[in-house]
Amino acid sequence: MATGSPDARLRDLAGRGLVALADPGATDLADFDVVIRDTAHLHGGDADAPGRCDAQPGRQRGEVLLVGGGPGPLGLLTLAGAEALRAADVVVYDRLAPLGALDLAPADAERVPVGKIPRGEFTPQEQINAILVDRARQGATVVRLKGGDSFVFGRGGEEWLACASAGIPVRVVPGVTSAVAVPGLAGVPVTHRAVTPGFVVVSGHVGPDDPRNQVDWAALAGAGLTIVVLMGVATLAAIAERLVVCGLPGDTPAAVVADGGLPSQRQVTAPLEQVAQAAQQAGLGAPAVAIIGPTVAALTPG
Ligand code: SAH
């Protein structure tokens with residue numbers, strides 16, 4: 001806590017950008033007003049960020065928090081995410097968000113479902129952006145709750161830009177991404193010393209033959225990295241085939257993990273060239289993560 005005269009304390013706060021003085025040229029602070037500034041932008045990466053999510057009575061200006069909810073189980077929501085939810089006036093959530101987390105929001109908080117079912121019903125992104133901006137303009141603290149991390153195939157960047165260009169303060173509360181957590185929950189590390197020096201996360205939303213797919217599969221096949229595929233249940237056979245054509249051995253260990261962290265979690269392990277069929281035979285469906293590379297077998301003793 002700062003000590004000294006009221007002036008010294010104010011100067012300290014002003015110096016750290018926590019308050020602004022109505023007249024910065026003032027020599028005798030007692031004569032001038034102190035303006036409490038919106039400091040959200042000063043704290044983008046603060047570990048204690050959630051402390052500032054507390055409701056501020058009388059506040060005019062809203063903000064949007066892009067909260068990554070983790071892969072599904074409530075235990076994998078971060079403490080910062082939980083804190084943000086507790087302070088929310090509005091929660092905008094979709095199907096992969098941990099729905100148990102909604103109970104953390106105040107009972108009178110508005111809950112807005114924005115469906116996103118694969119190849120099914122969905123709320124257009126523009127409409128979601130508009131909801132975020134609209135509610136924040138009304139002065140609300142808006143939590144946009146998503147599965148995993150907002151910036152990993154979560155369209156969090158688009159929501160950030162929509163808020164920023166509308167002049168709405170926006171922050172991210174990082175989440176536990178399924179790309180790392182779901183393999184881990186199945187006993188598969190994405191890196192392992194002396195086995196794989198790194199990993200890459202790609203979307204299988206569209207198959208390798210689709211012109212919208214911009215992944216350089218040939219480069220991946222030769223990179224020596226663990227390949228983690230999200231949204232790839234329907235395209236896994238085509239992805240595996242492409243990787244093998246590009247030179248990745250067909251007997252490379254691979255796994256598919258569905259419903260990671262949930263009571264319904266299921267997984268199959270098989271050589272790359274058989275893994276899509278094995279997953280299909282086992283009835284594994286979305287959401288699922290596929291992992292391709294020797295780390296799949298790294299924790300199997302013997
Ligand atoms: N932002 C999210 C990913 C969104 S894309 C994140 O960081 O995790 C949606 C994909 O995430 C799904 O198709 C699936 O591949 C993966 N996914 C999310 N939750 C999952 C879970 N509990 N188990 C398996 N895969 C999951």
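How do the residues of the shell around the ligand divide into nonpolar, polar and charged? The shell holds 11 nonpolar, five polar and two charged residues, where Ala, Val, Leu, Ile, Met, Phe, Trp, Tyr, Cys and Pro count as nonpolar, Asp, Glu, Lys and Arg as charged, and the others, Gly among them, as polar. The model is a predicted one, in which local features need pLDDT of at least 70 and side-chain atom pairs count only at pLDDT 80 or more, while totals for chains, interfaces and linings use all residues. Residues are numbered from 1 along each chain as its sequence is written, and side-chain values use heavy atoms, with hydrogens and water left out.

A good place to begin is the ligand itself. It is surrounded by 18 residues, the closest being Val152, Thr177, Ser178, Gly260 and Ala288; a residue is near a molecule if one of its heavy atoms lies within 4 Å of it. Domain 2 (43–173) and domain 3 (178–296) both give residues to this shell, so the ligand lies between them; the domain bounds come from an automatic or database domain assignment. Helix 5 (178–185) and strand 12 (288–292) each supply at least two residues of the shell. Helices (H or I, at least four residues) and strands (E, at least two) are DSSP runs, numbered from the N terminus.

Backbone atoms of the protein make polar contacts with the ligand, a polar contact being a pair of N or O atoms within 3.5 Å. A ligand oxygen is 2.6 Å from a polar backbone atom of Ala288, and an oxygen of the ligand is 2.9 Å from a polar backbone atom of Met231. Gly260 places a backbone N or O atom 2.8 Å from a ligand nitrogen. Of the 550 Å² of accessible area that the ligand has on its own, the protein covers 93%, with areas taken from the Shrake-Rupley method with a 1.4 Å probe.

Turning to the strands, five of them form an open sheet in the order 5-4-6-3-7, with parallel pairing; two strands pair if DSSP finds at least two bridges between them. Strand 5 (110–113) and strand 7 (170–173) are the edges, each pairing on one side only. Strand 3 (residues 63–68) pairs with strand 7 in the parallel sense over four bridges, and Leu66 has Val172 of strand 7 as its bridge partner.

Two loops deserve a look. Most residues other than glycine have a negative phi, and most peptide bonds are trans. Ala286 and Pro287 are joined by a cis peptide bond, with omega about 0°, and Pro287 lies in the loop between helix 8 (272–281) and strand 12. Phe153, in the loop between strand 6 (141–146) and helix 4 (156–165), has a positive phi near 50°.

Note on methods: A polar contact is a pair of N or O atoms within 3.5 Å; within protein, one must be able to donate a hydrogen and the other to accept it, and residues adjacent in sequence count only if both atoms are side-chain atoms.
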